Amino acid sequence: MPYDYDQQNIFAKILRGEIPNRTVRETEHTLAFEDIRPQAPVHVLVIPKGAYVNFDHFGAEATEAEIVDFTRVVAAICAERGVAPGGAGEGYRLISNSGESGAQEVPHMHVHILGGRGLGRMLEPA
Ligand code: 5GP
């Protein structure tokens with residue numbers, strides 16, 4: 001099934017400047033900003049500027065430049081926020097909710113960077 005991107009989703013509006021955000025980092029292909037409802041002391045959302053619905057769409061169709069840029073931004077934020085184990089941080093979790101089973105709320109590809117506290121095990125038992 002082809003990916004059907006909704007131009008009216010909230011992150012598309014943020015990218016168009018129609019809704020404010022607390023920007024953490026911006027590059028040619030990527031925007032990172034604070035989650036409006038933080039679930040940990042560090043809770044940053046990282047999104048590509050391109051119209052991708054979720055991670056598998058991005059991985060399948062984004063350019064190499066977009067993918068590299070996105071990944072570097074994630075790494076830079078983990079370092080800046082002091083959670084990267086490589087920089088003696090205590091660790092973090094990346095989450096990319098996708099589709100219905102993934103309980104994705106906003107249909108624009110994003111990852112959550114969560115850290116600054118113990119995050120427990122990955123999933124609660126179903
Ligand atoms: P997901 O789609 O991965 O389930 O979660 C979307 C995330 O976007 C949620 O954590 C929610 O708090 C965040 N969010 C929803 N609307 C806004 C908004 O207008 N601004 C910001 N900064 N975050 C938002």
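Here a colleague questions a modeller about a predicted model.

Colleague: Why is the pairing of Glu18 and Arg16 called a salt bridge?

Modeller: Their closest N and O atoms are 2.7 Å apart. The cut-off is 4 Å between a side-chain nitrogen of Lys or Arg and a carboxyl oxygen of Asp or Glu. So the pair qualifies. By this rule the count comes to five salt bridges.

Colleague: Why is Glu18 called partly exposed?

Modeller: Its relative accessible area is 48%. Buried means under 20% and exposed means over 50%. Glu18 falls in between, so the label is partly exposed. Arg16, with 39%, is partly exposed too.

Colleague: What makes Arg25 and Glu80 a link between parts of the chain?

Modeller: Arg25 forms a salt bridge with Glu80, with the closest N and O atoms 2.3 Å apart. Arg25 lies in strand S1 and Glu80 in helix H3, so the pair ties together parts that are 55 residues apart in sequence.

Colleague: Which parts does the pair Glu105 and Arg37 tie together?

Modeller: The side chains of Glu105 and Arg37 meet in a salt bridge at 3.2 Å, N to O. Glu105 is in the loop between strand S4 and S5, and Arg37 is in the loop between S2 and S3, so the pair ties together parts 68 residues apart in sequence. Both residues are exposed.

Colleague: How do you know that Asp35 has no salt bridge?

Modeller: The nearest side chain of opposite charge, Arg37, is 5.5 Å away. A salt bridge needs 4 Å or less, so Asp35 has none. Asp35 is also buried. Its side chain does reach the backbone nitrogen of Arg37, at 2.8 Å.

Colleague: What makes the approach of Asp35 to the ligand a polar contact?

Modeller: A polar side-chain atom of Asp35 lies 2.5 Å from an oxygen atom of the ligand. A polar contact is a pair of N or O atoms within 3.5 Å, so this one counts. For His110 the distance to a ligand oxygen is 2.6 Å. For His112 it is 2.7 Å. In total, 16 residues surround the ligand.

Colleague: Which elements give two or more residues to the largest nonpolar core?

Modeller: The core has 18 residues, and Val74 is among those with the most contacts inside it. Strand S3, helix H3 and strand S5 each give two or more residues. H3 gives the largest share, five residues. Beyond its neighbours in sequence, Val74 is in contact with Val46, Leu94, Val111 and Ile113.

Methods. Residues are numbered from 1 along each chain as its sequence is written. This is a predicted model: local features need pLDDT of at least 70, side-chain atom pairs count only at pLDDT 80 or more; totals for chains, interfaces and linings use all residues. Side-chain values use heavy atoms; hydrogens and water are left out. A nonpolar core is a set of buried Ala, Val, Leu, Ile, Met, Phe, Trp, Tyr and Cys residues joined through side-chain atoms within 4.5 Å. Buried means under 20% relative accessible area, exposed over 50%, partly exposed in between (1.4 Å probe, protein chains only). Helices (H or I, at least four residues) and strands (E, at least two) are DSSP runs, numbered from the N terminus. Contact means heavy atoms within 4.5 Å. Lys and Arg count as positive and Asp and Glu as negative; His and the chain ends are not counted. A polar contact is a pair of N or O atoms within 3.5 Å; within protein, one must be able to donate a hydrogen and the other to accept it, and residues adjacent in sequence count only if both atoms are side-chain atoms. A residue is near a molecule or strand if one of its heavy atoms lies within 4 Å of it. Lists of a residue's contacts leave out its neighbours within four places in sequence.
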